[in-house]
Each structure stands twice: as structure tokens, then as C-alpha cells.
Amino acid sequence: MIIIKKNLIKITAIHLTPPQKRETSKRKRRVSVFGQGSIIRAKSKIREYVSNGNFNAFCTFTFSARDFDRKDFKACKKFLTDYLTHRLHWKKWLVIPELHADGSIHFHGFCSVKKKSLKFGYFKRDSYGKIHLHYYSEKINDDIGRNDFQFFSPASEDDVRSVAAYVLKYITKATMTDFALLYFNSRGLKTDEIVFRLTSKKEVQGFFAFAEEHKLREYNTAHFNFFDLTSELLAEYQALKWYYDALFVPFNQYNNLQPSQLSIF
């Protein structure tokens, strides 16, 4: 099956590889098939949320050891969920837990927050010379503990790619082992718009013919391969989908096609 979907950043055609044909490298065999699949799905879903303009900042929360048992994940998760939703009234957020070496819990994630509600903290220059501005919330500081916010442009592919990569590094096998989940988030986050689901053999083969003819850039993983599309190419495929499908219709079924569909031949 091929799913063609779009978001604010890109249009992608994803070809899902049948499970029996998936290959796993020696390095990835260390993680169970179920566990590795869960990690891949979680990372893909988080990228989808970030690419649909749900967030404008990534954030970090560290619970105060004075007021909380930082080793009690269930209690910290419940408090943070209630706090973000009912105390701060945030509509859009996503949080990933991380276990420190001393057993305390740290939270990283994304949120949609107004910059004017925060205080400027400090700036830091990275190895490429780019300056990053860090902000914090006095209220969260008093109620929970140390916190940090960095803003990015939700409509910038470069920004989305870099911040997603930075936060997704915390999605690991250890995260799933330690917490029995990889992330938790608010309800109603916007997801990709599905343009086509290509389920029949002729549709899949037809799209591959289109991809080859237009030399679409292809990426491959152990679980799926996908192609990048532009809005112009998507419009062309939408207009000529019937033609590419017809290329792979068995000969004895051509008499079922409409005259207009045969005119191109």
C-alpha cells in the first residue's frame, strides 16, 4: 500500500513494506522487532505532529527534588499532565520522559506557548556560530522546578527538522523499558492530511511508474520507503492517476475502461 499525505512542510508518498519482506540490520537485531517497530512509529508520529504546526517551541522540565519524588514516574507524569492541561491551559503539548543516571526523571518535549508569557534567560552559541535564545517561566519555576524553552518557526523545514532531531534522540529502547511508553501528549493535535491511499496492485505499480518517470527522490528504511513530492507533481499525479493505473490493468479488462481513458493510447 502507498499513502500520499501532506503537511505544512512537505508532501510524501510512503510505501509500506510487507512485514515478511522487512530486513533488520545486525545492529537493530539487539532490539526486539516489536520494540524497534514501536520506536520507529513513535518517532514518525512525533515528526508528523511537529510538521503540522502544532508547536512553536521545544521545552524541558526538571522537577524540584524538594517538592517531588523525582523517581516516581507515575506521580510526575500525572502531575505534569494535569498541570499543563488544567493549570496552564495549554492546548498543544507533547512530552518525552528521560531517566537520569541517578534515577531521577527529566522531561523533554514540544509546546505551543506565547513568548510574552516567558522571561528571557540566556543565549548560547552553537558550534556553527548560530545563537540560540533560552527562555523560562517563573510560574513553572515556582510550581515544578527548572524549565527551559527555545522557539522555532513551525513553517520552516530546516527548523522543524533540526528541533525534531534534537528531541527525538530521547526516544530510545531505554525510554520504553523504563517507562512502558515513549511519549504522552495533549488531545486534538493536527496530523497529516491523507490525499490518496493506493491499495490495489495497479495503483501501486502505477505510482512507481510515475515516480520513475519523474525521477522522484526515494528514501528507504527497513520498514518502508518513501518519496518526496512537490505540490506541482502531486497535482500532475492527481490529474493523470487514471492513466498510470491503466498502464497496469490486465489486457482482458481494457473493455471496462471509459473511452476518454483510452484516448491517450
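**Exercise 1. Are Lys241 and Glu203 buried or exposed?**

Solution. The model is a predicted one, in which local features need pLDDT of at least 70 and side-chain atom pairs count only at pLDDT 80 or more, while totals for chains, interfaces and linings use all residues. Residues are numbered from 1 along each chain as its sequence is written, and side-chain values use heavy atoms, with hydrogens and water left out.

Step 1: buried means under 20% relative accessible area, exposed means over 50%, and partly exposed lies in between (1.4 Å probe, protein chains only). By this scale Lys241 is buried, and Glu203 is buried too.

Step 2: Lys241 and Glu203 form a salt bridge, with their closest N and O atoms 2.8 Å apart; the term stands for a side-chain nitrogen of Lys or Arg within 4 Å of a carboxyl oxygen of Asp or Glu.

Step 3: Lys241 belongs to helix H7 (residues 231–246) and Glu203 to helix H6 (residues 201–213), so the pair ties together parts that are 38 residues apart in sequence. Helices (H or I, at least four residues) and strands (E, at least two) are DSSP runs, numbered from the N terminus.

**Exercise 2. Set out the two salt bridges of Asp82 with Lys78 and of Arg87 with Asp143.**

Solution. Step 1: the side chains of Asp82 and Lys78 meet at 3.1 Å, N to O, and because these residues are four apart in helix H2 (residues 73–87), about one helical turn separates them. Asp82 is partly exposed at 31% relative accessibility, whereas Lys78 is exposed at 56%.

Step 2: Arg87 and Asp143 meet at 3.6 Å, N to O. Arg87 lies in helix H2 and Asp143 in helix H3 (residues 138–143), so this pair ties together parts that are 56 residues apart in sequence. Arg87, with a relative accessible area of 44%, is partly exposed, and Asp143, with 22%, is partly exposed.

Step 3: the count of salt bridges comes to twelve, and a network of them links Lys5, Lys45, Glu48 and Asp192.

**Exercise 3. Which residues make the nonpolar surface patch of about 380 Å²?**

Solution. Step 1: patches are made of residues with over 30% relative accessible area and no salt bridge, where like charges are joined within 9 Å and nonpolar side chains (Val, Leu, Ile, Met, Phe, Trp, Tyr) within 5 Å. The residues are Phe120, Phe123, Ile131 and Leu133.

Step 2: E6 and E7 are the elements that give two or more residues to this patch. Leu133 has its place in strand E7, and at 38% relative accessibility Leu133 counts as partly exposed.

Methods. Areas by Shrake-Rupley, 256 points an atom, 1.4 Å probe, with all protein chains shown as cover.
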